[in-house]
Amino acid sequence: MSLSDPIFNMMCRREPFYIVSHERSGTHLVLNLCYRNLYIKQQFVDLPEWRAETAAGQSQEHYWSRFDGKNGVSAWKGGLIKSHCSAEIWQRFLPGFPAVYVLRDPRDTLVSFFHYLNREEFHTNNPGLEELRCASFSEFLRRPLHPFLVNGFSLNENSTNVVMRWARHARGWLDAPGVLVIHYEEILRSFRWPLIRVARHVKALPKLGMRPYRLGEGGAILPRKGIAGDWVNHFTPDDMAFVSEELGKCHLNLSEWD
């Protein structure tokens with residue numbers, strides 16, 4: 001059934017919805033699964049991070065207010081809105097449409113984030129951020145948060161390191177009302193049931209012949225290829241203790257992923 005088919009258009013969800021996660025947590029995977037398996041418009045808006053050096057004097061408040069959920073970029077009908085923004089930004093500036101939050105094992109997320117920020121592709125697209133490179137994963141977990149990572153997707157970020165940044169992001173979305181949380185690892189095992197839950201949450205019709213979307217099919221940078229459990233090749237016992245302690249400050253426990 002083509003996108004121009006009147007039956008397809010009749011069955012499509014008419015309003016957009018959000019696919020949100022912390023960076024490196026499967027946002028593009030879920031986005032493309034939705035495109036392939038739900039009756040939704042094939043339209044996509046990416047809400048990029050706020051950066052002081054490129055914001056032309058715009059404050060965070062002004063920047064995010066441009067994307068108001070009813071009057072900004074999401075005012076068109078149908079499709080998806082992808083972001084890594086905090087729940088606070090969604091609730092304050094982007095209300096009006098439902099959100100799906102993709103939650104991934106923080107250990108795998110942090111490993112993927114470490115490799116992503118060290119990749120040449122990242123620095124080619126973001127010149128002047130050599131300080132984000134890190135010689136070791138243990139250093140990456142503990143060093144003070146770089147200004148590039150402070151307020152790009154959140155308001156008043158006061159995390160001291162990337163672990164706390166992940167924990168605050170996840171805690172905010174887990175506590176936000178009316179948000180559907182789906183687990184990245186569950187999607188890798190069997191995508192159908194999580195996707196049916198997404199369809200119910202956003203009131204979209206699933207297609208009868210549901211098909212998986214393979215990691216690497218799209219153009220997103222996926223340096224770790226979605227490997228679940230790869231963190232065991234990077235974490236030391238001291239790293240595990242440090243991450244557990246930091247997550248505990250936000251009432252999160254690694255046992256959820258064990």
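**Exercise 1. Determine which residues Trp-64 is in contact with, leaving aside its neighbours within four places in sequence, and place Trp-64 in the nonpolar interior.**

Solution. Contact denotes heavy atoms within 4.5 Å. Leaving aside neighbours within four places in sequence, Trp-64 is in contact with Leu-47, Pro-48, Trp-50, Cys-85, Ile-89, Phe-93, Leu-94, Gly-152, Phe-153 and Leu-155. The structure is a predicted model, in which local features need pLDDT of at least 70 and side-chain atom pairs count only at pLDDT 80 or more, while totals for chains, interfaces and linings use all residues. Residues are numbered from 1 along each chain as its sequence is written, and side-chain values use heavy atoms, with hydrogens and water left out.

A nonpolar core is a set of buried Ala, Val, Leu, Ile, Met, Phe, Trp, Tyr and Cys residues joined through side-chain atoms within 4.5 Å. Buried means under 20% relative accessible area, exposed means over 50%, and partly exposed lies in between (1.4 Å probe, protein chains only). The largest nonpolar core has 56 residues, and Trp-64 is among those with the most contacts inside it, together with Tyr-18, Trp-90, Leu-94, Phe-140, Leu-141 and Trp-173. Helix H8 (residues 162-175) gives the largest share of this core, 7 residues. Another core, of 25 residues, lies apart from it and includes Phe-17, Val-30, Tyr-35 and Val-202. In soluble globular proteins, nonpolar side chains tend to be buried together.

**Exercise 2. Describe the overall composition of the chain in helices and strands, and its burial.**

Solution. Helices (H or I, at least four residues) and strands (E, at least two) are DSSP runs, numbered from the N terminus. The chain has 11 helices and 5 strands. Of its 258 residues, 52% are buried. Among contacts with a separation of 6 or more, 73% are between residues 24 or more positions apart. Helix H2 is mostly covered, with 9 of its 11 residues buried; among them are Leu-29, Val-30, Leu-33, Cys-34 and Tyr-35.

**Exercise 3. Find how many disulfides the structure contains, and state whether Cys-34 is buried or exposed.**

Solution. A disulfide is a covalent bond between the sulfur atoms of two cysteines. The criterion is a pair of cysteine sulfur atoms within 2.5 Å. A search of the whole structure finds 0 disulfides. Cys-34 is buried, at a relative accessible area of 0%. Cys-134 is likewise buried, at 7%.

**Exercise 4. Classify the ring pair formed by Trp-231 and Phe-235, and trace the surroundings of Arg-107.**

Solution. Rings of Phe, Tyr and Trp (its six-membered ring) pair if their centres lie within 6.5 Å; planes under 30 degrees apart count as stacked, over 60 as edge-to-face and the rest as tilted. The structure holds 12 aromatic pairs. In one of these, the centres of the Trp-231 and Phe-235 rings are 5.8 Å apart with planes at 90°, so the pair is edge-to-face. Trp-231 is buried at 16% relative accessible area, and Phe-235 is buried at 11%. Ring pairs link both residues with Phe-113, Phe-114, Phe-137 and Phe-140 into a cluster.

Arg-107, in helix H5 (residues 106-118), is buried at 1% relative accessible area. Not counting residues up to four places away in sequence, Arg-107 touches Trp-231, Phe-235, Met-240, Leu-254, Trp-257 and Asp-258. A polar contact is a pair of N or O atoms within 3.5 Å; within protein, one must be able to donate a hydrogen and the other to accept it, and residues adjacent in sequence count only if both atoms are side-chain atoms. The side chains of Arg-107 and Asp-258 are joined by such a contact of 3.0 Å.

**Exercise 5. Explain what is notable about the phi of Arg-24, and identify the ring over which its charged end sits.**

Solution. Most residues other than glycine have a negative phi, and most peptide bonds are trans. Phi of Arg-24 is near 70°, a positive value in a residue other than glycine. Arg-24 belongs to the loop between strand S1 (17-21) and helix H2 (27-37), and is buried at 16% relative accessibility. A charge sits over a ring if NZ of Lys or CZ of Arg is within 6 Å of the ring centre and within 35 degrees of the ring normal. The charged end of Arg-24 sits over the ring of Tyr-116, 4.4 Å from its centre.

His-251 also has a positive phi, of about 60°. His-251 lies in the segment after helix H11 (237-248) and is exposed, with a relative accessible area of 69%.
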